[in-house]
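Here is a friendly walk through one arginine and two chain interfaces. Please keep the sequence and the 3D view open as you read.

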Amino acid sequence: MSNYIPTIGVEVHVELKTKTKIFSNSTNGYGQMANSLTNVIDLGYPGTLPTLNEEVINLGIKAATILNCKIRKVMHFDRKNYFYPDNPKNYQITQARTPIGYDGYVEINVNGESKKIYIEEMHIEEDTCKSAHRGTKTLLDFNRAGVPLIEIVTKPCISSGEEVKLYLEKLRELLSYGEISDCKIEEGSMRADVNVSIRKNETDPFGTKAEIKNIGSISNAKLGVEKEIERQTKLYDNGETFKPQTRRFDDKIGDTVLMRIKETGNDYRYFPEPDIPFVVLTDEMINNVVETLPMLPDERRKKYQELGISELNANKLVANRPLSDYMNTLLTEKTNHKIASNLLLGDISAYLNRTEKDIKETTLTKERFLELISLLEKETLTSKNLKDILDTVMESDTSIKDIIKEKGIENITDDTEIRNVIKEIISNNPDSVNDYHNGHDRAIKYLMGQVMKETKGKANPKLAMDILTEELN
Amino acid sequence: MKDELSREEVLHVAELARISLTEEEIKKYQVELKKLLNEVEKINDVEGYDDEILIANWDSNAELRKDIAGDMLNPKEVLENAPRHAGNYIEVPVVISDGEGA
Amino acid sequence: MKYLNKSITEIHELLKSKKLKPIDLVEEAFANIENNKEYNAYITLNKEEAIKQAKELESKEVDNLLFGLPIAVKDNIVTKGLLTTCGSHMLDNFVPIYDATVVEKLKEKNMIIIGKTNMDEFGMGSSSRTSYFGAPKNPWDKTKIAGGSSGGSATTISCRDVLFALGSDTGGSIRQPASYTGIVGMKPTYGRVSRYGLVAFASSLDQIGPLTKNVYENAVLLNAIVGKDEKDLTSARKKEEDFTRLIGEDIKGMKIAVPNYLMSDIVSPEIISKIKDTIKVLEKNGAKVDYVDVKYLDKAMTLYQIIAMGEASSNLARFDGIRYGHSKENPKDIQELYFETRAEGFGEEVKRRIMVGSYLLSGENAKIYYNKALSIRDDMKKEFINVFKNYDLIIGPTTTTTAYNLDDPMDDPLKSFMDDVLVIPVNMAGLPGLNLPVGFDKNHMPIGMHIIGNAFEEAKIYQLASFIEKELNLDLEPFGGENNE
């Protein structure tokens, strides 16, 4: 097979996390009884008119900000006219001419190198109703009709299935972090359509496009693109051509299959929606919204690594939003962030998983956590002992010092106390001391054993060894 | 210029509007639609337009609605005027291709 | 005893003193409608509900001028539980499950909806002859049209069946039939009255307004239906005001413009001369009247056709036989459901307009036609606003002719637009306009004057209209009330 250059563009629809629909005040919900979340507006009843949900505009501003887009301050909506049973008014209200965001980018990391995926535009629109095919009938459920969507369109600047996967993962992470969308592909709250074409040389015109729809997961997006590149390559290699077409990814066979050949020029008869006046955004409105954005993943990763946390742990933290938010409360604290991250991702994660709790539901206040870190750092508490007391730490208000005392597992870290014990042991075991000086390694181990025995195992082992070596010499 | 639309032109706009036409109607609309189109062509006599979008109303901008849920219909009401329904669903003859839009 | 040809204040006093009950008015209204059945003003009567409501009102306090009064509502304004057809086969089985905002407002005032009035199908037409239910007839001459599209509302007022009716006006549909039937009809400023629940024809032009036998009652009804509606983003944020407040004031010093185009040879000489007579009355009473040139007036019809047909093609797309309304029986597939439902459900005028409208928005056409029309419309609006810098009001004739024969041919697709050529500019500019009867032609068919105000200056229009009404003191009952009991 020859090598071709793929050109890939991605269109992603995400459902916005609002309480109500974009143009009506019925509930935006998932998984409810069919046709139980609608009103006359969602059904496109004669005489109804749209209103515009403020939160949709706010989330649009947030998404545009996160995706590094410019924000349009004066925008209007357009009608996209097409007949389809899932389209209640037989027009969809969208933003064809004045998308809320444009000229943005998302950074992905391809084999250790950063690449910008450019966003052409992102616009607000309404979702269609859900249809299910049953034999000779199609059943319509209007619960989804009018759910707010943002459609994000990249420039055709993606060059592999792997990049598509990285882009979608990044987008999902960003939009979830921004609390813009749940981005659950399996529930349809994030949907991706991918346009794929290939050509021989950079200077050639773009090849014929195939659009892949109905992609059920990010890994399928990658696979679908790779299969499509393969398919197109074979066709061209055999001297064949194909018509612009829509394909869908079939889970069962792990490949794309033809849905339909695209008819030339869908005539959507766009025109400005006369029922919705201009939406005008002021700097103040935009700033007020942007201020409520949480710290984004990349910034978190960077901050964590600056504080000495490993790249691996930084990524793990970011992947766990509640823990990452918890970690963020410690960013300016003088503490050992490395220990903090190890604890959060290790014992604490295990505890939270086991008890199915959110960290906010535990008694681990920031102050208690800082105390815990400091005890571990001074080795007053060993990590082995931590396991014994963790449940109590997470579930009671008793101070951590008291918990340790109660359990009797306090490490002796008092220099003088250990030194006194060691001095006594040295004077009581002259033979072993002699052996040590004669180069017998076993002697020091024996002496250490005596120290631990005398302190009932509470002496900090590292400290004890240091003092013992010092006293012996 | 012939003062009627071609058969194809009439069928094209009828397709856009999703209206089936009889042969007789096609002939009639070839003439009638042309008359209307000749009339709207007069807009070309007016100068001065820079592709700016204007939405007519007296207040300059849209008032946004707070994101608070209101009353909804129950499924029974949804089906009340629907010619065909099954269970809680509104029914249509099977649709084969995928949606064109969103 | 007859009450419904009395003034609203008289009836109000009688209701207040319990000498008259709402049920008496409702029964009288239905008796009138029965007597005038041949005029075909109604598509649906709300008999049972109206009687029930009237009886319920007996125990309530008569708290406003409109309390207990019957009102007719144009059949493109949705009424919960009451058939709303838009004059179309497409909706001849459609019972809405919600009320239009204006209907809620009427109910708040305890007005009684007596029935739904006949109209051109979806408001498309100028003679109400495109109605699926047959045309209403002109009470002054039943061989003539009542005008349209609010022909039924105009007819029932002209017949004196009831005191009040609501209509809608996209390109003259209140004012033109009011002119043909000799009544008062107001199209308020775009945004004055909520459009929520008005079945859309052309969204950027549609406006609901009152039809009544006199100016005062018109203003009173407008008082009841205006206001910002959070369900309609195009409804205007305006403080409450009393539209009757300038009624009775004299017009001395009032500055009035008469656009030359409206008095040009497109208008019948009889009408021009009647308008000129009225102008003389105004001048005699201290008003200053100037003839002026207003740019774009001659372009308004073209702009209107583009905007109205374009928007209509999209607004009427929702009638597809899936969720409500007429539906093709046993369609073999979805395409047949669409094509046949719409072929069966829509009449010719509607089909014509939505086909042309689809064309006007198709491909690059939206730019060439629709967007350009919006832009020129804005220039036209500015032109009007300029006139209002120097003048209080603009006047002219409402129509180019008086009502013509019901059996005149309907094969010219431009005729229905031509009938509205004088009133369309007001819709394009979003301004308020009112028809006032100012006389009769040689066949004793009513002639109307069109009074146009600046945006949101309806009160000033009522001031001039009521002054002329009083001065002319015309007998405007088509059969001297003879036909009614």
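## An arginine and two interfaces

Outside the four places in sequence on either side, A:Arg368 is in contact with A:Thr363, A:Thr392, A:Val393, A:Ser396, A:Asp397, A:Thr398, A:Ser399, A:Ile400 and A:Ile403. Do keep in mind that this model is predicted.

In chain A, the residue A:Arg368 belongs to helix α9, which covers residues 366-377. Is A:Arg368 buried or exposed? A:Arg368 is buried, and no salt bridge accompanies it. The nearest side chain of opposite charge belongs to A:Asp397, 5.5 Å away. A salt bridge calls for a nitrogen to oxygen distance within 4 Å, so this pair does not count as one. A:Arg368 does have a polar partner in the backbone: a polar atom of its side chain lies 2.8 Å from the backbone oxygen of A:Ser396.

Now for the two interfaces, both of which involve chain B. The table sets out their values.

| Interface | Residues in contact | Buried area | Carbon and sulfur share | Salt bridges | Polar residue pairs |
|---|---|---|---|---|---|
| Chain C and chain B | 71 from chain C, 51 from chain B | about 5,300 Å² | 65% | 4 salt bridges | 15 pairs |
| Chain A and chain B | 66 from chain A, 41 from chain B | about 4,600 Å² | 57% | 1 salt bridge | 19 pairs |

Let us take chain C and chain B. Chain C contributes 71 residues to this contact and chain B contributes 51. On the chain C side, C:Arg237, C:Phe339 and C:Met355 lose the most area to chain B, together making up 13% of what that side buries. A salt bridge joins the side chains of C:Glu348 and B:Lys28, at 2.6 Å from N to O. Helices α9 (300-315), α10 (334-345), α11 (348-361) and α12 (365-390) of chain C each give two or more residues to the side facing chain B. Of these, α12(C) gives the most, with 14 residues. By class, that side of chain C holds 37 nonpolar, 15 polar and 19 charged residues.

Next come chain A and chain B. Here the side chains of A:Glu54 and B:Lys66 form a salt bridge, at 3.0 Å from N to O. The chain A side draws at least two residues from each of α1 (54-66), β7 (113-126), β9 (137-141), β14 (255-261) and β16 (279-280). Which element gives the most to this side of chain A? That is β9(A), with 5 residues. The residues of this side divide into 28 nonpolar, 22 polar and 16 charged.

How values were computed
Residues numbered from 1 in each chain as written. Chains lettered and ligands numbered in written order. Predicted model: local features only at pLDDT ≥ 70, side-chain atom pairs only at ≥ 80, totals over all residues. Heavy atoms only, no water. Helix = DSSP H or I, 4+ residues; strand = E, 2+ residues; numbered from the N terminus. Buried < 20%, exposed > 50% of the residue type's maximum accessible area, 1.4 Å probe, protein only. Lys, Arg positive; Asp, Glu negative; His and termini not counted. Polar contact = N/O pair within 3.5 Å; in protein donor to acceptor, adjacent residues only side chain to side chain. Contact = heavy atoms within 4.5 Å. Buried area = accessible area lost by both parts, 1.4 Å probe. Nonpolar A, V, L, I, M, F, W, Y, C, P; charged D, E, K, R; others polar.
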